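What follows is a walk through a structure, from a few charged pairs to the contact between chains. Please have the sequence and the model at hand.

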Amino acid sequence: MANVGQTEARPARPAADRVVLPRWLRAAGQTHGAVIALLLLVLFNAIFTTNYLAWSTLRVNLDQVATIVIVGIGMTLVIATGGIDLSVGALMAIAGSLAPLIFDSDWGPLDRPWVGIPLAIVLPILLTGFLGLFNGFLVTYFRIQPIIATLVLYLGGRGIAKALSDGILLDFNNPSFEYLGKGRPLGIPVQVILMAILLLIAAWMMRSTVFGRYILATGGNEPAARLAGVPVSRVKLAVYAISGLLAGLAGLIWAARISAADPYRAGEFMELDAIAAAAVGGTALTGGRATIIGTLLGAVIIQQVRFTLISHNVSDGTTRIVIAAAIILAVLIQRQREQ
Amino acid sequence: MTARTASQEPTTSGWQQWAAGLLRQQGALIALIAIFLFGVWRYGENFTSEFNLWTLLRNNTYFGLIALGMTFVIMTGGIDLSVGAVVALTAVAAARLSGEGLWVAVAGAIGLGLGVGLINGALIARFRIQPFIVTLATLLAARGGALNLSNNASVSIDFNSNFKDLWRTNVGEVPLPVVITAFAFLLGSIALNLTRFGRHVLAIGGNEEAARLAGLPIARTLVAVYALSGALAGLSGALLAAQGNTGSPIAGIGWELTAIAAVVVGGTLLTGGRGSVWTTLVGVLLLGLIFNELNFERGKGTFELTQYWEEVIRGAFLLLVVILQSRLTRRASASTT
């Protein structure tokens, strides 16, 4: 019922002003466009990419998709409230740069690994969670648009990361910390296990908890949600904080995997990947509708596009151009669905 | 309604409103003058030397140009996150074309920037995708294009060509880049204040639905605005290549933030519908002056400040300004309703 009312309230737009996609493309987008796209990618690789169906290839792919998914979960929640978080990549860089400062520190008790390592994981995540809360505070209390509010840390945050590691790539050698990105209990990468757990929690939360309903209500129609007694500000604070926490975790995994804090490359363009994953998966960029499993699907598709291009020796530059075009196309299809 | 206004009268006194209004409209200019005077007082001759002041102006021309384009974009209620990447792309293009002479290189850079801007505008206006997503994607694509065009390395300019004159020529006392930028701002101001295009830009930012119902050419205006932003970023890229004698595919990272900060500090509303070209110029000069004085302070040995903190300071500066703007606008709208 509420849905019907919303569509009617929207003023009709003159057709001349917007371009409508061909019907087959719209239909594909409306039904199972993302699944079809993924199947095509897999089929293409199975035929044309050597060793694609090997277990090691799958593991590499899963490895790389995990960080996108983890950040994408937070991004999906933020987008569901009608917001956006451009700071996630920079927050990843901050977490990755802070961790080695803690576990490589000679100061007092940090020298002992059973103190240093847990703290090197907990403190960076807490810091990025706090920075996420700060984003949420700007959005709710100061009512600054999410794009601008998170743009502050999008650039400023990378500056903080560079200042933390003195602007250089900082190598480290610490097997216990690197377990976060290289460990393989039962042959499965640690980050994939973390990703699966977080996916389950997030999907359950969106489906079965009051908080999940609140998120969708906030994004669907904020004034109505407010009138209905939804604590809109607190919901927004929470989703930005969650997005920050998850970005911090992803940043640690990223650093652990390459055994270095790289303030330039860590999480570079991650905000775009995460937004695209959500959009491709079927989360409405205008808020109010979200799917966690869709975000997983979207992240896998983006990663597969990149994998396909790179394994066929397409240059880094061209890969970026193709990914950009794919993102625009995905958002375009998503947009047609919204109208 | 009248009763409510009357009851509000005693709570906000006249001079408070006047001060808030002055701060909102001329806050950036007041800050600029204050910071300039502070520089004169603290750093004396070195600061007021012709060399320092012309260098300060010249080194902010490329920020000025992209901020000018960003002003128009933001006035329509949009945002252009691709400008930094377009600067890198066009700087590489200008360096590659520099052998063909100054005019070809500059025209090539502007043309390429214009092309990216047209793509942005078309996707935003025709396909109705949110500006930040479109321009974030073209940011990625332009960086990719810059990597391809440069074979992943910096491209040196041709030293036999006259391309380097773009940065080094003086018109009388005034460096050529400063002349170009001043001229661009003059044209921008005329376009905004005296032409139908300018009125359409403000109308769209004020209320797009109303502008649409009034029959204004929304799509065309939006395309023009993003194309302008792209073209100015192209000119900015040409200047950057001429300054450093190279085109680097990793140049211009984060410049979009500097441009947005300059626009906002000038008082242009991020929600669109209001703004001025000259206040953006004030915003650019203010940011430039702050970093100039930080350099002097570093020279005095007051503190060690690595360049990485500059990004943090720029971010903090934008933060401060948007918070102030949000406070002042809310107060203004509270006192007028």
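In this predicted model, B:E208 has a relative accessible area of 28%, so this residue is partly exposed, lying between the limits of 20% and 50%. Its salt-bridge partner is B:R212, with the closest N and O atoms 3.0 Å apart. B:R212 counts as buried, at 9% relative accessibility. Both residues belong to helix α11 of chain B, which covers residues 208–213, and they sit 4 residues apart, about one turn of the helix. The pair is part of a network: salt bridges that share partners join B:R128, B:E208, B:E209 and B:R212.

Chain A has a pair with the same spacing in sequence, as A:R320 and A:D316 are 4 residues apart in helix α15 and therefore separated by about one helical turn. Here the closest N and O atoms of the salt bridge are 3.9 Å apart, and the cut-off for a salt bridge is 4 Å. A:R320 is buried, with a relative accessible area of 11%, while A:D316 is partly exposed at 40%.

Another salt bridge of chain A links two helices. A:R306 pairs with A:D273, and their closest N and O atoms are 3.1 Å apart. A:R306 lies in helix α14 (residues 292–311) and A:D273 in helix α13, so the bridge ties together parts that are 33 residues apart in sequence. A:D273 is buried, with a relative accessible area of 6%, whereas A:R306 is partly exposed at 26%. Over all chains, the search finds 11 salt bridges.

Chain A as a whole contains 15 helices and 2 strands. Of its 339 residues, 55% are buried. Among its contacts between residues at least 6 apart in sequence, 77% join residues at least 24 apart. The chain exposes about 14,800 Å², and 67% of that area comes from carbon and sulfur atoms.

How do chain A and chain B meet, and how many residues of each are in contact? On chain A there are 50 such residues, and on chain B there are 44. The area buried between the two chains is about 4,400 Å², with carbon and sulfur atoms giving 72% of it. The rule finds 0 salt bridges across this interface, and 2 residue pairs are in polar contact. On the side of chain A that touches chain B, the elements giving two or more residues are α6 (113–140), α7 (146–164), α13 (270–281) and α15 (316–338). Helix α7 of chain A gives the most, with 12 residues. By class, this side of chain A has 30 nonpolar, 9 polar and 11 charged residues.

How values were computed. Residues are numbered from 1 along each chain as its sequence is written. Chains are lettered from A and ligands numbered from 1 in the order in which they are written. This is a predicted model: local features need pLDDT of at least 70, side-chain atom pairs count only at pLDDT 80 or more; totals for chains, interfaces and linings use all residues. Side-chain values use heavy atoms; hydrogens and water are left out. Buried means under 20% relative accessible area, exposed over 50%, partly exposed in between (1.4 Å probe, protein chains only). Contact means heavy atoms within 4.5 Å. Accessible areas come from the Shrake-Rupley method with a 1.4 Å probe; for residues, only the protein chains shown count as cover. Buried area is the accessible area (1.4 Å probe) that two parts lose on being put together, summed over both. A salt bridge is a side-chain nitrogen of Lys or Arg within 4 Å of a carboxyl oxygen of Asp or Glu. A polar contact is a pair of N or O atoms within 3.5 Å; within protein, one must be able to donate a hydrogen and the other to accept it, and residues adjacent in sequence count only if both atoms are side-chain atoms. Ala, Val, Leu, Ile, Met, Phe, Trp, Tyr, Cys and Pro count as nonpolar, Asp, Glu, Lys and Arg as charged, and the others, Gly among them, as polar.
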